[in-house]
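User: I would like to learn how to read a fold from its computed features. Please take me through one case.

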Amino acid sequence: MPESLSPPFLAPGDGIALVSVSRFGESAVMEQAESWIRSQGFTPFRAPNLGARSHQFGGDDATRAADVNWAIAHPEVKAIWSIRGGYGAVRMVDAINWSSLKAQPKWLIGFSDFTTFLCHGIQKGIATLHAPMPISFSITHPDALTATFDVLR
């Protein structure tokens, strides 16, 4: 296994992109995530197609992959947080620009279906963060959310 590349820790004002690699995200979930991100001193960014819907997915496979690649390329984004799981990440994970992410590591955050991304990141040598996703914030203990942000710092 390659040596692990830790993405830089986040500084106040750094950007966290919200993406959907699987199921679509609801507005209330996105707004709650943005509120938590701001409350921790960071800047939330919605991927351009966040909120799109194609059947159960947050847009078609190409659209979801484009959003992740947008977040990888965005110079202000330092972490990429999956809004929710479900099913669909495996359908588009190979369309991700992993070489760009490896050249400029960013935190990949989530669990559930996003574990596909966490595992690919680890295989590429990029440290990842298995942590709560915005869809589960309402049932996640606040200490777990604070700990997630503490790790990012």
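User: How much area does the protein expose, and what share of it do carbon and sulfur atoms supply?

Analyst: Some ground rules come before the values. This is a predicted model, in which local features need pLDDT of at least 70 and side-chain atom pairs count only at pLDDT 80 or more, while totals for chains, interfaces and linings use all residues. Residues are numbered from 1 along each chain as its sequence is written, and side-chain values use heavy atoms, with hydrogens and water left out. Accessible areas come from the Shrake-Rupley method with a 1.4 Å probe, and for residues only the protein chains shown count as cover. The protein exposes about 6900 Å², and carbon and sulfur atoms supply 54% of that area.

User: What radius of gyration does the protein have, and what would a compact globule have?

Analyst: The radius is taken over C-alpha atoms, and the globule rule is 2.2 Å times the number of residues to the power 0.38. For 153 residues a compact globule would have a radius near 15 Å; the protein has 14 Å, which agrees. The C-alpha trace spans about 40 × 35 × 25 Å along its principal axes. Buried residues (under 20% relative accessible area; exposed is over 50%, partly exposed in between, with a 1.4 Å probe and protein chains only) make up 51% of the 153 residues. Contact means heavy atoms within 4.5 Å. Among contacts with a separation of 6 or more, 73% are between residues 24 or more positions apart.

User: Which pattern of helices and strands does the protein follow along the sequence?

Analyst: Helices (H or I, at least four residues) and strands (E, at least two) are DSSP runs, numbered from the N terminus. There are six helices and five strands, and the pattern reads β-α-β-α-β-α-α-β-α-β-α.

User: In what order do the strands form the sheet, and is the pairing parallel or antiparallel?

Analyst: Strands of a sheet pair through backbone hydrogen bonds, either parallel or antiparallel. Here two strands pair if DSSP finds at least two bridges between them. The five strands form an open sheet in the order E2-E1-E3-E4-E5, with parallel pairing. E2 and E5 stand at the edges with a single partner strand each, so one side of each is left without a neighbour in the sheet.

User: How many bridges join E1 to E3, and which residues stand opposite each other?

Analyst: Five bridges join E1 to E3 (residues 77-82), and Ile 16 stands opposite Ala 79. On its other pairing, E1 meets E2 (residues 43-46) over four bridges, with Gly 15 opposite Thr 43. Further along the sheet, three bridges join E3 to E4, where Trp 81 stands opposite Ile 109. E4 and E5 pair over two bridges, and the partner of Gly 110 in E5 is His 130.

User: Which way do the residues of E1 point, and are they buried or exposed?

Analyst: In a regular strand the side chains alternate between the two faces of the sheet. Gly 15, Ala 17 and Val 19 point one way from E1, Ile 16 and Leu 18 the other way, and all are buried. With five of its five residues buried, E1 (residues 15-19) is therefore largely enclosed by the rest of the structure. In E4, Trp 107 and Ile 109 point one way, Leu 108 and Gly 110 the other way, and again all are buried.

User: Where is Glu 34 found, and is Glu 34 buried or exposed?

Analyst: Glu 34 is found in helix H1 (residues 27-39). Its relative accessible area is 10%, so Glu 34 is buried. Leaving aside neighbours within four places in sequence, Glu 34 is in contact with Leu 18, Pro 44 and Arg 46.

User: Which sign does phi have in His 55?

Analyst: Most residues other than glycine have a negative phi. Phi of His 55 is near 60°, a positive value. His 55 has its place in the loop between E2 and helix H2 (61-73) and is exposed, at 69% relative accessible area. Ser 112 also has a positive phi, near 55°. Ser 112 lies in the loop between E4 (107-110) and H5 and is partly exposed, at 39%.
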